[in-house]
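Dear colleague,

Please find below the sequence and the structure that I am handing over to you. My notes on what was found follow directly after them.

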Amino acid sequence: VQLVESGGGLVEAGGSLRLSCAASGFFFRANVMAWYRQAPGKQRELVATITSTFTTTYTDSVKGRFTISRDNAKSMVYLQMNSLKAEDTAIYYCNNARGGLSWGQGTQVTVSS
């Protein structure tokens with residue numbers, strides 16, 4: 001199993017970033033995929049999920065700003081993040097909705113206020 005996140009960076013508040021996650025080594029289509037984040041000094045939290053048929057859920061703090069998507073043919077998961085806030089600063093990870101796969105290294109998102 002391998003999950004490789006990319007697309008993070010430093011952005012000003014109000015800006016946008018698009019994260020990508022390349023998945024391999026497991027049956028991607030069978031998994032509800034998710035994005036998580038971990039801010040400094042805080043526990044990892046679930047940000048968004050997406051089923052293989054593209055039903056999505058979001059934590060309240062990102063609703064209306066973030067959009068999760070997936071490409072089943074390419075085994076990719078994406079997170080479009082708009083109207084970024086300083087409190088979105090964290091390391092972002094993808095995994096399945098149970099967090100049951102081996103964690104990747106994550107991608108750092110830093111939002112300056």
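**Charged side chains and their partners**

D88 is buried, with a relative accessible area of 1%. Please keep in mind that the model is a predicted one.

Which residue meets the side chain of D88 in a salt bridge? The partner is R65, with 2.8 Å from N to O. R65 is likewise a buried residue, because its relative accessibility is 10% and the limit for that class is under 20%. D88 lies in the loop between β8 (76–81) and β9, while R65 lies in the loop between β6 and β7 (66–71), so this pair ties together parts that are 23 residues apart in sequence. Through salt bridges that share partners, R65 and D88 are joined with R37 and E45 into one network.

Within that network, R37 and E45 form a salt bridge of their own, and their closest N and O atoms are 2.6 Å apart. The two ends of this bridge fall into separate classes of accessibility: R37 counts as buried at 5%, whereas E45 counts as partly exposed at 31%.

A further salt bridge brings together the side chains of D60 and K63, at 3.0 Å from N to O. D60 is exposed, with a relative accessible area of 62%, and K63 is partly exposed at 49%. The count of salt bridges comes to four.

**A buried arginine without a salt bridge**

R70 lies in strand β7. How far away is the nearest side chain of opposite charge? That side chain belongs to D71 and is 8.2 Å away; R70 is buried yet has no salt bridge. Polar atoms of the R70 side chain do, however, lie close to backbone oxygens: one is 3.0 Å from the backbone oxygen of F28, and one is 2.9 Å from the backbone oxygen of N31. F28 and N31 are also among the residues that R70 touches, when residues up to four places away in sequence are not counted. That list further includes R29, V32, M33, I50, T51, S52 and F54, together with M76 and V77.

**Strands and sheets**

I turn now to the strands. In general, strands of a sheet pair through backbone hydrogen bonds, either parallel or antiparallel.

One open sheet in this model has six strands in the order β2-β10-β9-β4-β5-β6, and its pairing is mixed. Its edge strands are β2 (9–12) and β6 (56–58), each of which pairs on one side only. On average, neighbouring strands of this sheet are turned by 25 degrees against each other, direction ignored. Within the sheet, β9 (residues 90–96) and β10 (residues 107–112) run antiparallel and are joined by three bridges. Here Y92 stands opposite T107 in β10.

Strand β3 (residues 17–24) has pairings with β1 and with β8. Five bridges join β3 to β1 (residues 2–6), and these two strands run antiparallel. Six bridges join β3 to β8, and this pair runs antiparallel as well. Which residue has partners in both pairings? S20 in β3 stands opposite S6, and the bridge partner of S20 in β8 is Y78.

I would suggest that you begin your reading with the network of R37, E45, R65 and D88, and then turn to R70, which is buried without a salt bridge.

With kind regards

How values were computed:
Residues are numbered from 1 along each chain as its sequence is written. This is a predicted model: local features need pLDDT of at least 70, side-chain atom pairs count only at pLDDT 80 or more; totals for chains, interfaces and linings use all residues. Side-chain values use heavy atoms; hydrogens and water are left out. Two strands pair if DSSP finds at least two bridges between them. Helices (H or I, at least four residues) and strands (E, at least two) are DSSP runs, numbered from the N terminus. Axes are lines fitted to C-alpha atoms, for helices over the stretch in contact, and angles run from 0 to 180 degrees between N-to-C directions. Buried means under 20% relative accessible area, exposed over 50%, partly exposed in between (1.4 Å probe, protein chains only). Lys and Arg count as positive and Asp and Glu as negative; His and the chain ends are not counted. A polar contact is a pair of N or O atoms within 3.5 Å; within protein, one must be able to donate a hydrogen and the other to accept it, and residues adjacent in sequence count only if both atoms are side-chain atoms. Contact means heavy atoms within 4.5 Å.
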